[in-house]
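Student: I'd like a close look at a single part of this model, with its surroundings filled in as you go. Start wherever you like, but show me the reasoning behind each label.

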Amino acid sequence: MTVRQVLSNKGAQVVTISPDATLSQAAALLSEKRIGATVVSEDGRAVAGILSERDIIRAVAQDGAGALDAAVSRFMTRDVVTCSMSADTDHLMRLMTNGKFRHVPVVEDGVLAGIISIGDVVNRRLADIEAEQQALKDYIAAG
Ligand code: AMP
């Protein structure tokens, strides 16, 4: 299963936030959109970083509640692992497991083209397993 196939079902929309926004605004965005991470971008096209709920927790643990007024750019991860449309979801699972993160932005020709979460990958795997089981049941029943 490729990233392109996953995105064809889920869509290419990505929630982004400006590096100048505050952590408080980022927390409100994650809560409103019911997501665990947002791509940090000036223009919605180039990836400047990624900020996840874990980064907000870390900021508050480190600097106290005052951290919520700090800029996203201070606590985001700058070295973002991204993938292409043709990447395989098994490869993404390995990336996420080894890197201990749950989100991978999709970039095509330097432009943000989607995001895959661990939830998307697990959902696809479950659907595949269920389809495989059904095919086996049908095969046995037909025999
Ligand atoms: P997550 O598990 O995605 O909530 O993120 C855990 C940590 O990894 C946070 O510090 C994120 O900023 C960072 N992170 C999330 N996704 C990525 C990614 N694709 N590449 C690099 N770091 C990431």
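Tutor: A word on naming before we zoom in: strands are DSSP runs of E with at least two residues, helices are runs of H or I with at least four, and both are numbered from the N terminus. Keep in mind that this is a predicted model.

With that naming, the spot I'd pick is His 103, which lies in strand β4, residues 103-108. His 103 has a relative accessible area of 16%, so it counts as buried, the cut-off being under 20%. What is packed around it? If you leave aside neighbours within four places in sequence, His 103 is in contact with Gly 36, Ala 37, Ile 50, Met 96, Ile 115, Ile 116 and Ser 117.

Now use those contacts to move outwards. Ile 50 falls within the span of β3 (49-52), and β3 is among the elements that cover the buried residues of α3. The others named there include α2 (23-33) and α4 (72-75). And which residues of α3 are buried? In this helix, residues 53-63, they are Asp 55, Ile 56 and Ala 59. They sit on the same side of α3, because they cover an arc of only 100 degrees around the axis. Turn to the face pointing away from that buried side and you meet the exposed residues Ile 57 and Ala 61. The ends of α3 are worth a glance too. At its start, a side-chain oxygen of Ser 52 comes to within 3.0 Å of the backbone nitrogen of Arg 54. After the helix comes Gly 64, with a positive phi near 80 degrees.

Back to Met 96, another of the contacts of His 103. Its number falls inside helix α5 (residues 89-99), which also holds Asp 90. Asp 90 forms a salt bridge with Arg 125, with the closest N and O atoms 2.5 Å apart. That pair links distant parts of the chain, since Arg 125 is in helix α6, 35 residues away from Asp 90. Asp 90 is partly exposed at 32% relative accessible area, and Arg 125 is partly exposed at 34%.

Helix α6 (residues 118-142) has another long-range tie. Asp 120 and Lys 10 meet through their side chains in a salt bridge, 2.9 Å from N to O. Lys 10 belongs to helix α1 (residues 3-10), and the partners are 110 residues apart. Here the labels split: Asp 120 is buried at 16%, while Lys 10 is partly exposed at 30%.

Charge isn't the whole story for α6. Ile 118, Val 122, Leu 126 and Ile 129 make up a nonpolar surface patch, with about 310 Å² of accessible area together. Ile 129, itself in α6, is partly exposed, with a relative accessible area of 44%.

For contrast, take the salt bridge between the side chains of Glu 32 and Lys 33, at 3.9 Å from N to O. Glu 32 is exposed at 58%, whereas Lys 33 is partly exposed at 41%. Across the whole structure, the search finds six salt bridges.

Definitions and conventions: Residues are numbered from 1 along each chain as its sequence is written. This is a predicted model: local features need pLDDT of at least 70, side-chain atom pairs count only at pLDDT 80 or more; totals for chains, interfaces and linings use all residues. Side-chain values use heavy atoms; hydrogens and water are left out. A salt bridge is a side-chain nitrogen of Lys or Arg within 4 Å of a carboxyl oxygen of Asp or Glu. Buried means under 20% relative accessible area, exposed over 50%, partly exposed in between (1.4 Å probe, protein chains only). The arc is that of the directions from the helix axis to the C-beta atoms. Contact means heavy atoms within 4.5 Å. A polar contact is a pair of N or O atoms within 3.5 Å; within protein, one must be able to donate a hydrogen and the other to accept it, and residues adjacent in sequence count only if both atoms are side-chain atoms. Patches are made of residues with over 30% relative accessible area and no salt bridge: like charges are joined within 9 Å, nonpolar side chains (Val, Leu, Ile, Met, Phe, Trp, Tyr) within 5 Å. Accessible areas come from the Shrake-Rupley method with a 1.4 Å probe; for residues, only the protein chains shown count as cover.
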